[in-house]
Structure formats: structure tokens, C-alpha cells
Protein chains: 2
Amino acid sequence: MKNEKLQAGQQSVSFAQGVHILSSGTVVGEKEGQGPLGNLFDLVSNDPAFGEDNWEKAESTMQKEAIQMALGKAKMNPAQIRYLFGGDLLGQLIATSFGVEDLNLPLFGLYGACSTCGESLSLGAMAVSAGYADYVLAVTSSHFGSAEKQFRFPLAYGNQRPLSATWTVTGAGAFVLGTKGGHARITGVTTGKIVDFGVKDSMNMGACMAPAACDTIYQNLMDFNRQPQDYDRIITGDLGSVGQTILIDLLKEKGFDISRVHMDCGIEIYDEATQDTHAGGSGCGCSAVTLGAKILPELEKGALKRVLFVPTGALLSPVSFNEGQSVPGIAHGVVIEHC
Amino acid sequence: MKNEKLQAGQQSVSFAQGVHILSSGTVVGEKEGQGPLGNLFDLVSNDPAFGEDNWEKAESTMQKEAIQMALGKAKMNPAQIRYLFGGDLLGQLIATSFGVEDLNLPLFGLYGACSTCGESLSLGAMAVSAGYADYVLAVTSSHFGSAEKQFRFPLAYGNQRPLSATWTVTGAGAFVLGTKGGHARITGVTTGKIVDFGVKDSMNMGACMAPAACDTIYQNLMDFNRQPQDYDRIITGDLGSVGQTILIDLLKEKGFDISRVHMDCGIEIYDEATQDTHAGGSGCGCSAVTLGAKILPELEKGALKRVLFVPTGALLSPVSFNEGQSVPGIAHGVVIEHC
């Protein structure tokens, strides 16, 4: 599926040797620690400020700690890393800039809203597979406090959330990618297009992003000539329960039933019965920490053989929303296999 | 300088075959049209809103038109493009999202502040050289109105600007990169690190970014074992006159005198004597349109044989600035040669 075989409309690249995921680091907040995946994360902080004096610095600190954790597990130091691919949800990526600056690494700043984990893994894998780097870091984060302040209301306003709303995950996930090591590898990527169905409800992100997830998953199945059952799991980032229903319906219309293999990180990370998060979790950190804490270990031990990981993003800003623009979606697919 | 030869600390990649710049499209506003480069741009609009009803949509429209122009000159249609690498200065990249969504192309959203043109050309060239794509688009933009609203004050406030301030360029530049065609090619890239000297003055971006430009230029000269005179021009993005002085001084301290080959897009684009922009132009669009309109044609006809193009970015947001954080810089180097 590399260049010479690509045809018009195809959006995927396959990596003959695969790009190995050597390690991950996952750092989350208290609420995520109390959820179903709580005991799987590397670090749970009961201080939502992570020792800092504002939400943005808290998010930067999470990124630092996730990277430290990932490097430590891979027994590496920053000087062995060639590039860092990173991003977050905040305007001008300040969580990332201030989170990674001390590492002193060549940086590619990325923005794909909550799909950024998929974008960073895709570009990181492309760089490693092409021989531009032996090792790269991919890091993404979100923080409930900084995201609510950025996109919605001050927390103290205490506004009511509709049932279609998702809860921004406080979490950062970092991954070391390289040419060898570990027991999971990225074997292909499907890069997403912007898909805009004209939905304008920023309190229903699932509906905004489901069409993009559908587009990327469909394109991945076509490009690689696979059926849904060729994946042990097709894992979206943060569609939540409302978006999941829409995605499954949309793909059925295109002739694929993914209902038996679909999983959504936003649904996995909280317990709706006890945690009152409504439609589920969201944010760049949601898919990143769920991949690092739950999915990757299962791939490493072979309980999962092959998954399609599809972080999903909603491309709005407070300005575009207030100006009456729609909320387009994008989703980046990453094929990860046991090895 | 590819993988096997890279050593610790090196930040560059060279492309054996080079990655060709097939065409460019440049769209600017009235003030840029009245400047020294005015008759070189593809399109000058006397309507700052570009027919839209707000600054953000105006910026999106500029991106669309720059892309149309670049595709037209290359005699290509969007379906022949494999990936789009794009970004802008606005929170959550809304100028890009709404600017490129109709193209229906796989998108990598990038943020490197005003260095984004360098980041997009770097990643685009890496993708083409690796064989992931035959053709990619790289697009970046900025708009005076949307940037002032984003970063400083409402325009109607009419605040006074210090002499160290730069003027955000209203402009969008798009480039088609590919394996063949045209008479200029990218032969290497040097990816920048975040450099933070602790400067906190958002009205003196030149001082914030000059250390990062110094770092990237120095690293490029070391990695490629070159002297400043091995380049016909070393071209920074938007340091302006204040930043230029600092850059030249900093590089002298490291043993390199670039004063005879240095050029800054921010200084080129306006006439300080008549246009009252103070230290010069800035913004993602500044380096992009100066490359497309002035530098690239000179490379194509061989008047310039080899340049180092180094867009420079200041990694601040209104939130980080108001929280008292410093303004770190980043700069991405791209080596472009006549062919």
C-alpha cells in the first residue's frame, strides 16, 4: 500500500516491517482513577492541579510525567529520541509547548482535536519506517479543567450538561516508537479527511465525529481489503454512547457490521452508572491513556492480535462555534498488531 | 544524513533525490499588496474580509484561493494530492479546518505558530521522499484581523503599538510538493527545538524567536557541515528588524557571521518608511507568501542557487501570556535548491 500501489482515493500506508511501540506512559486524574480502568494507569493524581497553580500548567505537568514514564519503561533517555510529535486541545498548543520544552527535542506540533493521538502515532510511525528516526515520542493530553475553560464555561458557573455531552478526560499518554522492541507494532495507518455533516451542537460531539470515524474505518477496510472481523477490535477514541450508535448505523449503510468488534475509549474509561459522565469520556487524553493502559498491554500479551485504533476529533473552536459554524469531524486510523 | 548517519544531537534529514516544489499560490491583503513585493503576489484583495462576514472565514477563503492557485499552476486537481499538511495561528486551527474541508483530502493539522510553513514543508517533503505520496499540499495562513482578535485586542480598541511590535501579515501561501517537476527542490530539513530564553514580551516577538532561529541555523550548519556562505540566503520568517539584530549577534557568538546572507521575510514584505508597521511583518502567512512570491521564483530561474528557509514561531497563547508564562520560540529549517 506504499506509494507505487496507491490509487486515487486510497488514504492508507502500510509498513512492511512495522513500527514497534516500545512503551507507554499514562497519567490521569482522580475521576479516571476511580473508573473501570483505574488500576491500569501508571499514575493517578488526586490533585487535579498536579501541584501547579493553573489548569494549563497542570496539563503540561501530566505530559512531562507521561513522557518520563514511557522513557523509563523503555529504559531510554531523551537524547535517544529523534523527534517528538505532540499536541493537545488548547489554543496554540500551550500544554504541549510548556510540557515538552525541557526535553530539548526537535518538535512537530500537531492539532487534530481529540484525534491527535492518532495523528501523532501516524506521523511518528511514518518517520520511523522511512528511516528518519530510530526512536520517536508521541504524546497527547487533555485536562477537564483547561478544556472546560477553553471550550465551554468557567467551572464555577456550574452549567447543566445535556445527556449527549461527554466529559473531558484528565489524562496524558506518551508512546515510544522505534524500529525494534516491545510486542506490539504499527503495521499501517489510514489518514482521515475532514467530514462535515453540518452538525452544530458542541454538546453532542459524538454526533459530530461519528461520520468522520465511519469514513476512516470504511476507507481502512477498503484500502487493506479487510472485513471488520479481521480486527479483534475497532476502537474509536471518544464517540461515547450516542456517537457509537450513529457510527454502527452509518457503517451498516455502507455494508459493514462492526457492532461485534467495536469498542470506544470514551465508553470504557468511566462507569456511567456511578460516575455520571453522561455519554462518556472525551479529549485527546481519552484515547491516549486507554490505548496505553488497556489496549496496548492486551496486544503485548497476545490477547488481542490486531486492532484498528481510530481517535476521533471535533474541529471546533469557541470562536467558530460562536460564529455559527458547524463542527466538522476528523479521525485517524492506526493498525496495531501483536508481535 | 539519513538515519544511519545521524548522531546524537543532529536534527537534520537530507533527501538524496530532493523533493520538488512544483508550484506555489500566494494570496494577500491590501496592505501587503501596497508593499515592496506587491506586484509579485498571485492575488491581492482590497476587501480585507475576502467577501466573508468575519475575519476567520476570510482567512479560510484565502487558504482556499491559495490552494486553487497552486493546483492550477501545477495543472493538477485535488484528487491527485495524497496528503494536505496545513495550519494557521488561530485556536484549534479553524482557518485551516474550514479552509480545506471542501478539498476532501487526508489532512495532517499542524501548529508551530509562525514556523508552521517550515513545519508543513518539512513533513510534506519527508512524506514524499519516503514514498508515502507522489504529491502533497502544504498550506499556511494568517490574517491581521483574526490574529489581533486572537492574541491582542479588538481592532476597534485602537491600542498603541511599541516599536518592537510586528504587523501580522494577511496572507496565505500554498505549495505543491512532488517527486518531480519545477525548478526548485527541498534537499534537506532541520527540525527545530523549543528555545525559551524567558522573554515575556508579546509585543517583541523578534526577541522571543531569535534564539530559536539561531539554534536551528547553527544546527543546520553543523549537521550539513556548511558555512553561512554556502547559502545564497539564510531567510528567517518574521524576526523583523529587532529580531534580526539579535539573531546576527547570537550567531556571531557561536562563530558564524550570517550578516551578509541574512534576509527576513518580515522585513521584506513591508516598507517601514511608508507603511508604519514598526519592526516588520509576522504571522504564518508572512514567510509563506514571501517564499512563494519572491524567493521561489528566484530559485526557479537560478538567481538563487541554494537557500536556508527558516520560518520562526512564538509559542504563546493569550492564556499562557496572561498567566505570566514566557514566550518560547521554535524555528524549522528547510534547504531549497535550484534544479
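These legends describe close-up views of a predicted model with chains A and B.

Local features need pLDDT of at least 70, side-chain atom pairs count only at pLDDT 80 or more, and totals for chains, interfaces and linings use all residues. Residues are numbered from 1 along each chain as its sequence is written, chains are lettered from A in the order in which they are written, and side-chain values use heavy atoms, without hydrogens and water.

**View 1. The contact between chain B and chain A.** Chain B brings 63 residues and chain A brings 64 residues; contact means heavy atoms within 4.5 Å. About 5,300 Å² is buried between the chains, and carbon and sulfur atoms give 57% of that area. Buried area is the accessible area (1.4 Å probe) that two parts lose on being put together, summed over both.

**View 2. Two copies, one surface.** A turn of 180° with a shift of 0.0 Å along the axis lays chain B on chain A, with an RMSD of 0.0 Å. The two copies are thus related as by a two-fold rotation axis. Superposition is by least squares on the C-alpha atoms of residues with pLDDT of at least 70 in both. In chain A, 100% of the contact residues of chain B recur.

**View 3. Salt bridges across the interface.** The rule finds two between chain B and chain A. A salt bridge is a side-chain nitrogen of Lys or Arg within 4 Å of a carboxyl oxygen of Asp or Glu. Glu323(B) pairs with Lys149(A), with the closest N and O atoms 2.9 Å apart. Glu56(A) joins Lys149(A) and Glu323(B) in a network of salt bridges. Glu323(A) pairs with Lys149(B), again with the closest N and O atoms 2.9 Å apart. Glu323(A) sits in the loop between helix H11 (318–322) and strand S14 (329–331) of chain A, and Lys149(B) in helix H5 of chain B, so this pair joins two chains. Helices (H or I, at least four residues) and strands (E, at least two) are DSSP runs, numbered from the N terminus. Glu323(A) is partly exposed at 24% relative accessibility, as is Lys149(B) at 40%. Buried means under 20% relative accessible area, exposed over 50%, and partly exposed in between (1.4 Å probe, protein chains only).

**View 4. Salt bridges within one chain: Arg152(A) with Glu148(A) and Glu298(B) with Lys294(B).** The closest N and O atoms of Arg152(A) and Glu148(A) are 3.0 Å apart. Both residues are buried. For Glu298(B) and Lys294(B) the separation is 3.8 Å. These two lie four residues apart in helix H10 (residues 284–300) of chain B, about one turn of the helix. Glu298(B) is partly exposed, at 23% relative accessibility.
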